[in-house]
Amino acid sequence: MFQDSITLKNRHQKFIKTISENGIVYGLKSKNGFATSSSTQFEDDDGIRIGMICFWAEKVQAKSCAKEEWKKYKVTEVSLSEFIENWCIGMANDGLLIGTQFDQNLFGFEAEPLELIIDLTAELKSLGKDLNFRKFNGFEDLEKQVKEVTE
């Protein structure tokens, strides 16, 4: 079943809104780590698909993907501040993408981690929400540092 890019982008936008409102992101984790996939859109300089770790905004959606190669994975919660500070920054440093809102057929949106941070901070500001970071002094510091890297 083909998922068009508009559907995937809309699900990604819902992901941003939902995790910004709830402050929680869900992943699938096993003894070997978090559920990963390979990009269908992006390759490195050697033509190898870029790796991706998948996350969801709702526990039930994450659980519905715990099948086939991910059948031994369990749903785990990650706070939004930890997701931004540790996961997004770490994945950007590692050259990985973030897969959002994958469905049972493993179709989802592929996001650049630093772009996702910018989208999340904009949404959180629009909601009037603040997060406590360990490594950054608020959204302005986070955004400033991310923009310095991306520009």
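**Notes on a predicted model: a helix pair, a central strand and a loop glycine**

1. Helix H1, covering residues 5-22, packs with helix H4, covering residues 113-126, at an angle of about 55 degrees, and their axes lie 9 Å apart. That angle is why H1 is described as oblique to H4, and the crossing of the two helices is right-handed. A reader new to the structure should keep in mind that this is a predicted model, and that the geometry given here is therefore that of a prediction.

2. Which residues make the contact between H1 and H4? On the H1 side they are His 12, Phe 15, Ile 16, Lys 17, Ile 19 and Ser 20, while H4 contributes Leu 116, Asp 119, Leu 120, Glu 123 and Leu 124. Sorted by class, the contact of H1 with H4 has six nonpolar residues, together with two polar and three charged ones.

3. The next element to look at is strand S1, which spans residues 24-30 and is mostly covered, with five of its seven residues buried. S1 is joined to strand S5, residues 74-79, by six bridges, and these two strands run antiparallel. Within this pairing, Leu 28 has Val 75 of S5 as its bridge partner, which gives the reader one specific place at which to inspect the register of the two strands.

4. S1 also pairs with strand S4, residues 49-56, in an antiparallel arrangement that has two bridges. Here the bridge partner of Gly 27 is Phe 55 in S4.

5. How many residues link S1 to S2 in the hairpin that joins them? The hairpin passes through two residues, and the strands it connects, S1 and S2 (residues 33-34), run antiparallel and are joined by two bridges. In this pair, Ser 30 of S1 stands opposite Gly 33 in S2.

6. Gly 95 is found in the loop between helix H3, residues 80-93, and strand S6, residues 97-100. Is Gly 95 buried, partly exposed or exposed? Its relative accessibility is 45%, and because buried means under 20% and exposed means over 50%, Gly 95 counts as partly exposed.

7. A last point concerns the spacing between Gly 95 and Pro 113, whose C-alpha atoms are separated by 9.1 Å, although the two residues are 18 residues apart along the chain. Pro 113 falls within the range of residues 113-126 given for H4, so that this distance relates the loop residue Gly 95 to the helix discussed in the opening point.

Technical notes:
Residues numbered from 1 in each chain as written. Predicted model: local features only at pLDDT ≥ 70, side-chain atom pairs only at ≥ 80, totals over all residues. Heavy atoms only, no water. Helix = DSSP H or I, 4+ residues; strand = E, 2+ residues; numbered from the N terminus. Buried < 20%, exposed > 50% of the residue type's maximum accessible area, 1.4 Å probe, protein only. Pairing = 2+ DSSP bridges. Axes fitted to C-alpha atoms, helices over the stretch in contact; angles between N-to-C directions. Parallel < 35°, antiparallel > 145°, perpendicular 65-115°, else oblique. Left-handed = near helix turned anticlockwise from the far one by under 90°. Contact = heavy atoms within 4.5 Å. Nonpolar A, V, L, I, M, F, W, Y, C, P; charged D, E, K, R; others polar.
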